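Q: I'm new to reading protein structures, and I'd like to slow down over one part instead of skimming the lot. Could you zoom in on the salt bridges and then work outwards from there?

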Amino acid sequence: MSGGEPSDPAAADVRGGPERALSVLTFGYFVGFAGVVVYGPVASEFQDVLGLSGLLLGLLVAAPQLTGSLLRIPFSAWADSVGAKKPFSVLLGLSVVGMGGLLAILVSAYPDGLTLAHYPLIFLFGSLSGCGIAAFSVGITDTAYWYSSERRGTMLALFAGLGTTSPGLFTIVSPVALLALGLTGTYAAWFVFLLVGTTVFVVFAVDSPYFQYRKRGLEEAEAKRRARDAGQELFPTGDAMASIRKAATIPRSWLLTAMFFVSFGGYLALTTWFPSYWSNFHGLDLRTAGVVTALTFTLLSALFRAAGGAVSDRIGGEVTTVASFGLVVLSTVALMGTGNLYVAILATVVLGAGLGIASAAIYQLLPRYVPEAVGGASGLVGGLGGFGGFVVPPLLGLFVDVQGVSGYATGFVVYFVLGLGALAIAVSLYRSEPTTVPTETPAPAGD
């Protein structure tokens, strides 16, 4: 489809249109992706009240990434079977349950009764709050089904770009809310936001034409015929999990996944870790730490990522990834070696640029490097690669446990090593650039 008006009389009985679908999907992803920072901006408050070690703090701020990454693959496959609305709604609903659980703990125990014994439940509900992050894989697929090839790339970029602005905005808002409303009031407001946002999505979301016809009882062939008449070009492949299994047997799928683990996994991990770094290492208050995190990294990296797609198309994904991971290595060296606030801010901007551009370039490479199973490789890269957002913060926390406050700086050696590894992979791909072309329709670029 290329617009809101039906391109054919067959589209007249299709509920909704491309613009409505894109608007609701983007709104839903904005609501769900805010769970990335469910603990990050207020981590210091939890650390003080619970008496957390650096390791436990790292695990806590990473909790939403656990479900947000691992659920992408199965929910993407589910969406290819039943349409996007139901899986997307379930993920947002789980986020509401998680936030409601957190709020219940705070209402009943915070501040005097909240102890380390509550940590497992706080971790569990934080993980549930991150389920909405996984909605990306569902929404990106549905957006691709709604739009024709000449507009699809632009609309996918709008969905991903606007949807991922919520962590940056919440990183700014959460510390302000904490000062104004307190910890319990902040999570109460967040719960209301999630509940209202989920309700709006459920009421207004619409499945793509093919799934609308299938749910009315039409056979697959007839549903596809009518959906084609209504403007739909792409359709489910029929077995998303089979494509994932096939991709898992191809070594290059894992090379791309490893690079995405560093790039987008790094974006997720550091979005939640930087507020603690700025607050505890540089002495900024919570509000200022949130603003600095958002402006120098979270929002800025998303903008660099949008530009990364165009750069990759112009000079090639191989060159782009080599240059991007080079920036990651250089910036982490600077962050490890400086205690100067302004140098650290500049290095953080460079780090965000490297991670953002690399994330875009990796998906530009995917159709050429795994042409036998593009859809499956997209799921692996997006799901397992994003798992870096859960794995890395606890490692950073270990440096704080061992070295104290100075560990916030030296901990960036983790990303120095990961950056070097990703750079080595990027160089190897540059030297062995494939000449094959895709044999299946490329899946939309994952997050």
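A: Start with R226 and E222, whose side chains meet in a salt bridge, at 3.0 Å from N to O. Keep in mind as you look that this is a predicted model. Why can these two be partners? Side chains of opposite charge can pair when their charged atoms come close. R226 and E222 are four residues apart in helix α11, so about one helical turn separates them. Neither one is hidden away: R226 has 30% relative accessibility, which makes it partly exposed, and E222 is partly exposed too, at 27%. The pair also belongs to something bigger, since salt bridges with shared partners join E222, R225, R226 and D229 into one network.

Stay on helix α11, which covers residues 220-229, and you'll find another bridge, between K224 and E220. Their closest N and O atoms are 3.4 Å apart. Here again the two residues sit four apart, about one turn of the helix. E220 is partly exposed, with a relative accessible area of 40%.

How many salt bridges does a search of the whole structure find? It turns up six. One of them joins the side chains of K215 and D207, with N and O at 2.3 Å. Check how covered each partner is: K215 counts as exposed because its relative accessibility is 52%, over the 50% cut-off. D207 counts as buried because its 7% is under the 20% cut-off. So this bridge has one exposed end, K215, and one buried end, D207.

Now look at S208, which is in the loop between α9 and α10 (209-215). Its relative accessibility is 0%, so S208 counts as buried. What does S208 touch, if you skip residues up to four places away in sequence? The list is D142, Y145, W146 and Q232.

Step back along the chain into helix α9, residues 166-204, and you reach F204. F204 counts as partly exposed, because its relative accessibility is 43%. F204 is also part of a nonpolar patch on the surface, together with F27, V192, V196, V200 and V203. The patch members add up to about 480 Å² of accessible area. Helix α9 is the main giver here, with five residues in the patch.

From the surface, let's go inside. The largest nonpolar core has 125 residues, and the ones that touch the most other members are Y39, F46, Y187, L256 and M259. Helix α13, residues 251-281, supplies the largest share of this core, at 13 residues. Take M259 as an example: leaving out neighbours within four places in sequence, it is in contact with F325, I362, L365, A422, I425, A426 and L429.

Aromatic rings are worth a look as well. A search of the whole structure finds 28 aromatic pairs. A pair of rings is described by the distance of the centres and the angle of the planes. For F136 and F159, the centres are 5.8 Å apart and the planes are at 35°, which makes the pair tilted. F136 lies in helix α7 (residues 135-146) and F159 in helix α8 (residues 149-163), so this pair ties together parts that are 23 residues apart in sequence. Buried or exposed? F136 is buried, at 2% relative accessibility, and F159 is buried as well, at 0%. Elsewhere, ring pairs link up into a cluster made of F260, F264, Y267, F274, Y277, W278, F281, F297 and F412.

Last stop: helix α6, residues 119-129. Its buried residues are Y119, I122, F123, F125, G126, S127 and S129. What do they pack against? The partners are α2 (43-50), α3 (54-70), α5 (85-109) and α18 (388-403). In the loop between α5 and α6 sits P111, and it comes with a twist: the peptide bond from Y110 to P111 is cis, with omega near 0°. Most peptide bonds are trans, so that one is worth finding on screen.

Technical notes. Residues numbered from 1 in each chain as written. Predicted model: local features only at pLDDT ≥ 70, side-chain atom pairs only at ≥ 80, totals over all residues. Heavy atoms only, no water. Patch = residues over 30% accessible without salt bridge, like charges linked within 9 Å, V, L, I, M, F, W, Y side chains within 5 Å. Areas by Shrake-Rupley, 256 points an atom, 1.4 Å probe, with all protein chains shown as cover. Salt bridge = Lys/Arg side-chain N within 4 Å of Asp/Glu carboxyl O. Buried < 20%, exposed > 50% of the residue type's maximum accessible area, 1.4 Å probe, protein only. Core = buried A, V, L, I, M, F, W, Y, C linked by side-chain atoms within 4.5 Å. Contact = heavy atoms within 4.5 Å. Phe/Tyr/Trp six-rings, centres within 6.5 Å; stacked < 30°, edge-to-face > 60°.
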